[in-house]
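The following exercises concern strand pairing and the nonpolar interior of a single structure. Each task is followed by a stepwise solution.

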Amino acid sequence: MSHFVALNPQQHKTLRVHTDKVAATGANEHLIPVVLSEFNQLIVQYPIVFTKNADTGQFVCSAMLGFEEGENLFWEEDSWRGLYIPAQIERHPFYIGHNDDAEDDKHLVCIDTQSDAVSHDNGVPLFDESGHPTPLMADKQELLALLLEGEVRTQAFIKALSSLDLLTPIALDITLADNTSRKVSGLYTIDEDKLSGLCGETVAMLHENGFLAPAYILLASHAHVYSLIERKNARLAKGEQWFG
């Protein structure tokens, strides 16, 4: 069970993080929320799609890691087999919290003390002997800042696309090497025809706000669905060898 507490250099000066266990937090995730500033890294391997938050109905921008619940096709033999690990995974075991007592609603860096990646004995320390953040802690703080700022930009991106009626549902119907099929629903993308048909003024607005390039990166990323199918087929083949 997770236990989140505000990070304190004095109280948590002996805490360490097993960096090799961080990526394992995404081992069973098939969709990971991402932000615009990651698109240039994500485009190398991941399909980028929109999903809807089940509780709020709001759109979320996500990297697709698998075709079904609990399936991460980038997680093999206890390691991440990808060139880039999404920031929402890399920032573990740290989270952004809010100080409700502060007048400015200041954000706090929190840590999950029950995470498998956290230890008092082994791993990389968070603070040096003087109580200053180590390079690892500084990197995690940068990731949290990237996500905090990125979420605002990403929501503005989604709002702009929604206001132009550019978001459209997609359904993946794939056939695998073993002749089984998978239907993946609940995904959304950008209507490329509508995007291409926008008037010059609207296109200029998207460009000025930094939304036009990410829109086309997202569309181009869908080619990686075929790479995901290859990963799925490879996993099925390994299963056949194991049980065959």
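A residue is called buried when its relative accessible area is under 20%. The model examined here is predicted.

**Exercise 1.** Determine how many residues of strand β4 are buried, and describe how β4 is joined to strand β5.

*Solution.* Step 1: β4 spans residues 48–52, and four of its five residues are buried, so by the 20% cut-off the strand is mostly covered. Step 2: five bridges connect β4 with β5 (residues 59–64), and the two strands run antiparallel. Step 3: within this pairing, F50 has C61 in β5 as its bridge partner. Step 4: the two strands form a hairpin with six residues between them, and G57 in the turn has a positive phi of about 80°.

**Exercise 2.** Identify the strands that pair with β9 and the residues that stand opposite I111.

*Solution.* Step 1: β9 (residues 107–112) pairs with β1 (residues 4–6) in the antiparallel sense over three bridges. Step 2: β9 also pairs with β8 (residues 94–98), again antiparallel, over five bridges. Step 3: I111 is the bridge partner of V5, and F94 likewise stands opposite I111.

**Exercise 3.** Locate I190 within the largest nonpolar core and list contacts that I190 makes beyond four places in sequence.

*Solution.* Step 1: the core holds 49 residues, and I190 is among those touching the most other members, as are F50, F157 and L195. Step 2: helix α7 (residues 212–221) supplies the largest share of this core, five residues. Step 3: the contacts of I190 include F50, F157, L195, A215, L218 and L219. Step 4: another core, of 13 residues, lies apart from this one and includes V17, V22, A117 and L136.

Definitions and conventions. Residues are numbered from 1 along each chain as its sequence is written. This is a predicted model: local features need pLDDT of at least 70, side-chain atom pairs count only at pLDDT 80 or more; totals for chains, interfaces and linings use all residues. Side-chain values use heavy atoms; hydrogens and water are left out. A nonpolar core is a set of buried Ala, Val, Leu, Ile, Met, Phe, Trp, Tyr and Cys residues joined through side-chain atoms within 4.5 Å. Buried means under 20% relative accessible area, exposed over 50%, partly exposed in between (1.4 Å probe, protein chains only). Contact means heavy atoms within 4.5 Å. Two strands pair if DSSP finds at least two bridges between them.
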